[in-house]
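Biologist: Hi! Could you pull up the model so we can walk through it together?
Modeller: Happy to, here it comes.

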Amino acid sequence: MTTRVIIVDDQAMVRAGFAALLAAQSDIDVVGEAPDGAQGVELSRRTHPDVVLMDVRMPEMDGLEAARRLLEPAPGVTHRPRVLMLTTFDVDDYVYEALRAGASGFLLKDAPPADLIAAVRVVASGDALLAPSVTRRLIADFAKQRPAVRGKHPLRLKGLTERETEVLTLVARGQSNGEIAQTLVLAEQTVKTHVSRVLTKLDLRDRAQAVVFAYESGLVAPGE
């Protein structure tokens, strides 16, 4: 199955480079490019991509607002692509807000080419792309700067079992399924099942939103 991708970035050379790299893959089809968020949203509405590579900082409409419009569409708009945010900085409040809006993850622009290709495939498969070390720093720094957002969802946490709460805590700390399996002495497939149940019970789209939820609910505190 071919993954349809559009690239939204205000730098023409970045768009061209990413497009050439991705188009060279037999399972990825680049169906369009846009220089700003507004045109990116319009292009997505026309082409119905599976994945949108979205730069964070752009003129006219930034990537955050564009991601919101794609992931929380107006009534009557049914297409919701996966959004992968592109950023020059490894700690960026805009990326955090994009994760809250439902973006499936983020990638640094200077990441190796193989990482970009892998990221598109991961996001297209329905998983979230979270680089553990960057994610921990990003979320923790944001939580320190804006502690008022924490403690918002304590009642929703009560619906989780003790084991599911442990798994969510480790997800928020940036551990992969394999690492969680080692920490809790469980089979990796069992961890995947627990993660799936957590997402379902909390009505979260993916792992990225689970990390945000864990910090906002107070389950995980910055620096832990």
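Modeller: Let's start with a helix pair: H8 crosses H9 in a right-handed way. Do keep in mind that this is a predicted model.

Biologist: Noted. At what angle do H8 and H9 pack, and how far apart are their axes?

Modeller: The angle is about 130 degrees, and the axes lie 10 Å apart. H8 covers residues 162-172, and H9 covers residues 177-184. An angle of 130 degrees falls outside the 65 to 115 range for roughly perpendicular and is not over 145, so H8 and H9 count as oblique to each other.

Biologist: Which residues meet there?

Modeller: From H8 you have Arg163, Glu166, Val167, Leu170 and Val171, and across from them Ile180, Thr183 and Leu184 of H9. Sorted by class, that contact has five nonpolar residues, one polar and two charged.

Biologist: Glu166 caught my eye. Is Glu166 buried or partly exposed?

Modeller: Partly exposed: its relative accessible area is 32%, which lies between the 20% limit for buried and the 50% limit for exposed. Glu166 sits in helix H8.

Biologist: And how far is Glu166 from Leu219 in space?

Modeller: Their C-alpha atoms are 9.8 Å apart, while Glu166 and Leu219 are separated by 53 residues along the chain. Another pair to look at is Arg173 and Val211, with their positions 38 residues apart in sequence and a C-alpha to C-alpha distance of 7.9 Å.

Biologist: Where is Arg173, then?

Modeller: Arg173 is in the loop that links H8 and H9. Its relative accessible area is 31%, so Arg173 is partly exposed as well.

Biologist: Let's switch to another helix pair. How do H1 and H5 pack?

Modeller: H1 (residues 12-23) and H5 (residues 113-124) pack at about 70 degrees, with a distance of 10 Å between their axes. That makes H1 and H5 roughly perpendicular to each other. Their crossing is right-handed.

Biologist: What does the contact of H1 with H5 consist of?

Modeller: H1 contributes Phe18, Leu21 and Leu22, and H5 contributes Pro113, Leu116, Ile117 and Val120. By class there are seven nonpolar residues in that contact, with no polar and no charged ones.

Biologist: Nice. Changing topic: which residues have a positive phi without being glycine?

Modeller: His48 is one of them, with a phi of about 50 degrees. Glu60 is another, with a phi near 70 degrees. For background, most residues other than glycine have a negative phi.

Biologist: Where do I find His48 and Glu60?

Modeller: His48 is in the loop between helix H2 (37-47) and strand S3 (51-55). Glu60 is in the loop between S3 and helix H3 (63-71).

Biologist: How accessible are His48 and Glu60?

Modeller: His48 has 42% relative accessibility, so it counts as partly exposed. Glu60 is exposed, at 75% relative accessible area.

Biologist: Last bit, the whole protein. How many helices and strands are there?

Modeller: Eleven helices and five strands. Of the 224 residues in the protein, 50% are buried.

Biologist: What about the accessible surface?

Modeller: It comes to about 10400 Å², and carbon and sulfur atoms account for 51% of that.

Biologist: And what share of the contacts joins residues 24 or more positions apart?

Modeller: That share is 69%, counting contacts with a separation of 6 or more.

Notes:
Residues numbered from 1 in each chain as written. Predicted model: local features only at pLDDT ≥ 70, side-chain atom pairs only at ≥ 80, totals over all residues. Heavy atoms only, no water. Axes fitted to C-alpha atoms, helices over the stretch in contact; angles between N-to-C directions. Helix = DSSP H or I, 4+ residues; strand = E, 2+ residues; numbered from the N terminus. Parallel < 35°, antiparallel > 145°, perpendicular 65-115°, else oblique. Left-handed = near helix turned anticlockwise from the far one by under 90°. Contact = heavy atoms within 4.5 Å. Nonpolar A, V, L, I, M, F, W, Y, C, P; charged D, E, K, R; others polar. Buried < 20%, exposed > 50% of the residue type's maximum accessible area, 1.4 Å probe, protein only. Areas by Shrake-Rupley, 256 points an atom, 1.4 Å probe, with all protein chains shown as cover.
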